[in-house]
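Here's a quick walk through this protein, from the overall layout down to a few side chains. Keep the viewer open as you read.

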Amino acid sequence: LAVVPVLMALRTGRLRALTVCGAVCAAVMGPALLHGTAATASVGAVAHQAGTIFQPWQWTWFLGHHGAVVQGTFGAKPGYRTAPGALAPLGHLPTLLVPLAVSALAWRRSADPRRDALLVLALVLLLRCVVDPWDTAYYTLPFLLALAAHEVVVRGRAPIGAALATVAVYGSMVMARDAASPDVQAALFLAWSVPAVALLGGLVFVPAHAVRLTDRLTAAARVGIPSLARAFGAAPEDAQSTTVSSLLSPLSTSCPSSVTITRSSMRTPTAPGT
């Protein structure tokens, strides 16, 4: 899944990078494949047959069927659906082909492939989670890391988007697991992941419109976060505004002049104890 974004990030030496990566993969996987163990046979079967694993956190969940008792590693899984019959024969091909097609199209249309590489990587890794019928919480970790890297390295700001996505992942895939039915978990996952795919896709394919949207969301956050903080009895408005502004603005390597000195009503002590 990362092949195309990695090639986008390289100025030169793409063929050499592909050759080295292919050689490393062959050295690691070749002996196991040649030996033909049961483990490698099961890996091949998974690629062509999704099997019985069918998790709530992906786009085809509501196409599944209730009625049959679904058995997991630790026993029955109440409320779980069984996969639709048309899905199993496809195996994991959609999980591979959909992100690859999107990343190839992004490379073709990108005006600055090196700048967009991390963003495209975040998009395809999130698509992998949404499309994969086996999706589970830790599958999202590479997506979160790629998004955080893009925000810090390319956008030059704190990784607010990655932080919000982390909260969404934890809420819908970890906290909701013991508190809500699988159908509700699926709805919560789709409620944030589908808009996230759309937003990332917009930043890749129609950046001007998507940037305007993200600017509006950032402006809303500038207003909303201090209001929430005041409602919960947090620090005064000036401190909250300064904190939120620093988080949602581009990072700077220079230190601004102190605001505390000019706005503070405190006196500098002239003697011990005063």
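## One helix to start with

This is a predicted model, and a good place to begin is helix α8, which covers residues 182-205. Its 24 residues reach 33 Å from the first C-alpha to the last, close to the 34 Å expected at 1.5 Å a residue. There's still a bend to look for: α8 turns by about 25° at Leu190.

Two residues of α8 are worth clicking on. Gln185 sits in this helix and counts as buried because its relative accessibility is 2%. Leaving out residues up to four places away in sequence, Gln185 touches Pro56, Trp57, Ser172, Ala176, Arg177 and Ala180. The other one, Asp183, counts as partly exposed at 22% relative accessibility, and we'll get back to its partner below.

## The whole chain

Zooming out, the protein chain has 11 helices and 2 strands. Follow the sequence and you get α-α-α-β-β-α-α-α-α-α-α-α-α, with the two strands coming after the third helix.

The chain has 274 residues, and 32% of them count as buried. Its accessible surface comes to about 16,600 Å², with 69% of that belonging to carbon and sulfur atoms. As for how the chain meets itself, take the contacts between residues at least 6 apart in sequence: 65% of those join residues at least 24 apart.

## Salt bridges

How many salt bridges does a search of the whole structure find? The count is 3. One of them pairs Asp183 with Arg81, and their closest N and O atoms are 3.0 Å apart. Asp183 lies in helix α8 and Arg81 in the loop between β2 (75-76) and α4 (93-109), so this pair ties together parts that are 102 residues apart in sequence.

Another salt bridge joins Arg128 to Asp132, with 3.4 Å between the closest N and O atoms. Arg128 is partly exposed at 22% relative accessibility, whereas Asp132 is buried at 2%. Then there's Arg157 with Glu151, where the closest N and O atoms are 3.2 Å apart. Glu151 counts as buried because its relative accessible area is 1%.

## Around Arg81

Is Arg81 buried or exposed? With a relative accessible area of 11%, Arg81 is buried, since the cut-off for that label is under 20%. This arginine belongs to the loop between β2 and α4.

Setting aside neighbours within four places in sequence, Arg81 is in contact with Phe54, Trp61, Phe62, Gly64, His65, His66, Val70 and Asp183. That last name is the salt-bridge partner from α8. For Gly64, you can check the backbone too: Arg81 and Gly64 are 17 residues apart in sequence, but 5.3 Å apart in space, C-alpha to C-alpha.

## A nonpolar patch outside

Now turn to the surface. Val20, Val24, Val28, Met29 and Leu33 make a nonpolar surface patch of about 480 Å². One of them, Val28, is found in helix α2, which runs over residues 14-35. Val28 counts as exposed because its relative accessible area is 58%.

The numbering in that patch is worth a look. An α-helix has 3.6 residues a turn, so residues three or four places apart point the same way. Val20, Val24 and Val28 are among the patch members to highlight with that in mind.

Methods
Residues numbered from 1 in each chain as written. Predicted model: local features only at pLDDT ≥ 70, side-chain atom pairs only at ≥ 80, totals over all residues. Heavy atoms only, no water. Helix = DSSP H or I, 4+ residues; strand = E, 2+ residues; numbered from the N terminus. Buried < 20%, exposed > 50% of the residue type's maximum accessible area, 1.4 Å probe, protein only. Contact = heavy atoms within 4.5 Å. Areas by Shrake-Rupley, 256 points an atom, 1.4 Å probe, with all protein chains shown as cover. Expected span 1.5 Å × (residues − 1). Bend = angle between axes of the 7 residues up to and from the residue. Patch = residues over 30% accessible without salt bridge, like charges linked within 9 Å, V, L, I, M, F, W, Y side chains within 5 Å. Salt bridge = Lys/Arg side-chain N within 4 Å of Asp/Glu carboxyl O.
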